[in-house]
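Biologist: I would like to learn how to read a few features of a model. Could you take me through them in turn?

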Amino acid sequence: MSTILVVLGSARPGRVADKVLNYIKADVETRDDVTITVADLKEINLPFFDNEQPPISPDYTITNPQVAAWSEMVKSADSVLFITPEYNHTLSAIQKNALDSLGPDWNEKPATAVAYGWSGGSLAVETLREVLGHLKADVKHDIAQLGFMKDLNPDGSLLDEANVALQIKAAIDEIA
Ligand SMILES: Cc1cc2nc3c(=O)[nH]c(=O)nc-3n(C[C@H](O)[C@H](O)[C@H](O)COP(=O)(O)O)c2cc1C
């Protein structure tokens with residue numbers, strides 16, 4: 001059984017991220033070899049990065065309990081799937097901070113995303129690939145990019161259910 005950590009990268013009330021999570025759950029329910037754990041960054045409530053050392057330093061020690069819990073979640077998962085909204089042509093601050101907060105835990109971690117936005121979250125995906133690449137994660141190819149007014153309505157409801165399911169399936173296939 002492979003465990004995927006699904007990370008919600010939005011803290012907004014009524015966030016589209018919750019609907020995307022439901023579409024991911026619908027795919028996972030069709031598989032018998034995959035289980036998911038949900039990491040809601042709003043609930044985990046990480047501090048903005050405030051450690052004296054950068055995470056890549058050999059002297060980096062996690063002292064904050066929320067960061068320690070986040071580290072354990074990433075470490076214990078076989079792979080990570082980010083639910084990635086696009087904010088101002090890049091990642092949401094809450095997701096970037098979650099990436100910044102850990103170092104070696106990302107090393108070789110299989111990672112993918114389901115992104116969304118007016119252009120399918122393409123600019124957020126660009127940053128995500130760069131940051132995860134820098135962190136030496138094993139970034140997968142088939143990141144899902146769901147476009148508003150094409151795949152989803154801006155409230156997250158489905159417009160092209162078949163394409164949403166296909167893209168999410170392709171992303172999960174690579175990390176399952
Ligand atoms: C601060 C902010 C910046 C945004 N910038 C973009 C953007 O650059 N590109 C885009 O396609 N959508 C942008 N949007 C619209 C979001 O894609 C849309 O609000 C989406 O629902 C956000 O995901 P969430 O509801 O899960 O937080 C932005 C939204 C916010 C709140």
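Modeller: We will go through the core, one helix, two backbone angles and the ligand shell of this predicted model.

Biologist: Which residues have the most contacts inside the largest nonpolar core?

Modeller: In soluble globular proteins, nonpolar side chains tend to be buried together. Here the largest nonpolar core has 47 residues, and those with the most contacts inside it are Val6, Val7, Val20, Leu81, Ile83, Val114 and Ala115. Helix H1, residues 16-28, gives the most to this core, with six residues. Leaving out residues up to four places away in sequence, Ile83 touches Val6, Val7, Leu8, Gly9, Ala17, Val20, Leu21 and Val114.

Biologist: Which residues of H1 are buried?

Modeller: Val16, Ala17, Val20, Leu21, Tyr23, Ile24 and Asp27 are the buried residues of H1. They lie on the same side of H1, because they cover an arc of only 160° around the axis. Their packing partners are strands E1 (2-8), E2 (34-40), E3 (79-85) and E4 (110-117), and helix H6 (161-175).

Biologist: Which residue in the loop between E3 and helix H4 should I look at for its phi?

Modeller: Most residues other than glycine have a negative phi. Asn88, in the loop between E3 and helix H4 (93-100), has a positive phi of about 45° although it is not a glycine. Asn88 counts as exposed because it has 9 C-beta neighbours inside 10 Å. Lys136 also is not a glycine and has a positive phi, of about 65°; Lys136 sits in the loop between helix H5 (122-134) and strand E5 (138-139).

Biologist: How many residues surround the ligand?

Modeller: The ligand is surrounded by 13 residues, the closest being Ser10, Arg15, Pro85, Gly117 and Trp118. By class, five residues of the shell are nonpolar, five polar and three charged.

How values were computed. Residues are numbered from 1 along each chain as its sequence is written. This is a predicted model: local features need pLDDT of at least 70, side-chain atom pairs count only at pLDDT 80 or more; totals for chains, interfaces and linings use all residues. A residue is near a molecule or strand if its C-beta atom, placed from the backbone, lies within 6 Å of it. Ala, Val, Leu, Ile, Met, Phe, Trp, Tyr, Cys and Pro count as nonpolar, Asp, Glu, Lys and Arg as charged, and the others, Gly among them, as polar. A nonpolar core is a set of buried Ala, Val, Leu, Ile, Met, Phe, Trp, Tyr and Cys residues joined through C-beta atoms within 7 Å. A residue is buried if 20 or more other C-beta atoms lie within 10 Å of its own, exposed if 12 or fewer, and partly exposed in between; C-beta atoms are placed from the backbone. Helices (H or I, at least four residues) and strands (E, at least two) are DSSP runs, numbered from the N terminus. Two residues are in contact if their C-beta atoms, placed from the backbone, lie within 7 Å. The arc is that of the directions from the helix axis to the C-beta atoms.
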